[in-house]
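Subject: Handing over a structure

Dear colleague,

I am passing on the structure we spoke about, with the sequence alongside. Please have a look at it before reading on, since my notes on what was found follow directly.

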Amino acid sequence: MALPGGMMTRPAETQLLIAEDDPDLGSSLEAFFAQNDYQVHRATEGEETLQAMTTLPPYDLVLLDVKLPKKTGFEVLREARQAGVDSPVIVLTVKDQQRHKLKGFDLGADDYVTKPFDAQELMARVEAVLARSRSALPDTGDVFTFGDVTVRFPAETVTRGNEKIGLTDLEFDILTYFITHRGRTVSREQLLRDVWGISGNITTRTIDRHVASLRKKIEPTPGAPTYVKTVYGIGYKFITDDVSGTRAAETD
């Protein structure tokens, strides 16, 4: 892979984790991104990568090779998302099959690059993912509408058409969190931490039960949700017209 220089500079604080077990490619990528003003960190196997991804502060972006020793890139991605890691991830793989791409997106990947790749293309993908992750979602203001549902935040009321929907305080907090993070995969651990305010163990059935109750009140067809999608093994993704989220694994 040719690694051209002089493409574009990045702020020195941009933290990039490269998880690649091929020593030549890993070293080339590290040198290339360092030359373009990234703060680069390297990992060469799955367990090391997972530990790095789950250690604060979070990385701005992760280049994640699928074929890592000890733990595959797919396993790393699944466990990282389950742990609440929301750093953007670009999956690197030699496999160019649709099912592998879909698996990566289902697990919460933000993009997918097949080896061998051109360095300029990879850099463009990295810049695009960073730009998306750093751009603020449209401000909801005091009122947010999706479908025929309207949420008024100051009054903490939700209506469908002209009919008020009776949400519990917790259901309203969950819905507000989904709206704030719309288009992004939200793990159950994130919900526990940010909505419940706890970091200990609690059965995922408790979370799923509350989400199921919320769906019954806001979804046109609760059994086939339009807005609150399930991301298998991780959590949920709230999809509305003002975001274009990556494909969620719908196991509703």
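Helix H2 passes helix H3 in a right-handed crossing, and in this predicted model the axes of H2 (residues 46–53) and H3 (residues 73–82) come within 10 Å and cross at roughly 25 degrees. Since angles under 35 degrees count as roughly parallel, the two helices H2 and H3 are therefore described as roughly parallel to each other. On the H2 side the residues that meet the partner helix are Gly-46, Thr-49, Leu-50 and Met-53, and on the H3 side they are Val-76, Glu-79 and Ala-80.

A second pair of helices is found further along the chain, where the axes of H6 (residues 169–180) and H7 (residues 188–196) come within 10 Å and cross at roughly 120 degrees. That angle makes H6 oblique to H7. Here too the crossing is right-handed, with H6 passing H7, and the contact is made by Leu-170, Asp-173, Ile-174, Tyr-177 and Phe-178 from H6, together with Gln-190, Leu-191, Arg-193, Asp-194, Val-195 and Trp-196 from H7.

As for the chain that holds these helices, it has eight helices and 12 strands, and 46% of its 252 residues are buried. If one takes the contacts with a separation of 6 or more, residues 24 or more positions apart account for 59% of them. The chain exposes about 12,400 Å², of which carbon and sulfur atoms supply 48%.

How far can one rely on the coordinates? The mean pLDDT of the chain is 83, and 84% of the residues reach 70 or more. Confidence is highest in strand S3 (residues 61–65), with a mean of 96, and lowest in helix H4 (residues 98–106), where the mean is 74. Over residues 2–12, however, the pLDDT is below 50, although this stretch has 27 contacts in the model beyond near neighbours in sequence. Residues 244–252 likewise stay under 50 in pLDDT, and for them the model has 28 contacts beyond four places in sequence. Where pLDDT is low, the predicted coordinates should not be read in detail, and I would ask you to keep that in mind when you look at those two stretches, residues 2–12 and residues 244–252.

With best wishes

Conventions: Residues numbered from 1 in each chain as written. Predicted model: local features only at pLDDT ≥ 70, side-chain atom pairs only at ≥ 80, totals over all residues. Heavy atoms only, no water. Helix = DSSP H or I, 4+ residues; strand = E, 2+ residues; numbered from the N terminus. Buried < 20%, exposed > 50% of the residue type's maximum accessible area, 1.4 Å probe, protein only. Contact = heavy atoms within 4.5 Å. Areas by Shrake-Rupley, 256 points an atom, 1.4 Å probe, with all protein chains shown as cover. pLDDT = per-residue confidence, 0-100. Axes fitted to C-alpha atoms, helices over the stretch in contact; angles between N-to-C directions. Parallel < 35°, antiparallel > 145°, perpendicular 65-115°, else oblique. Left-handed = near helix turned anticlockwise from the far one by under 90°.
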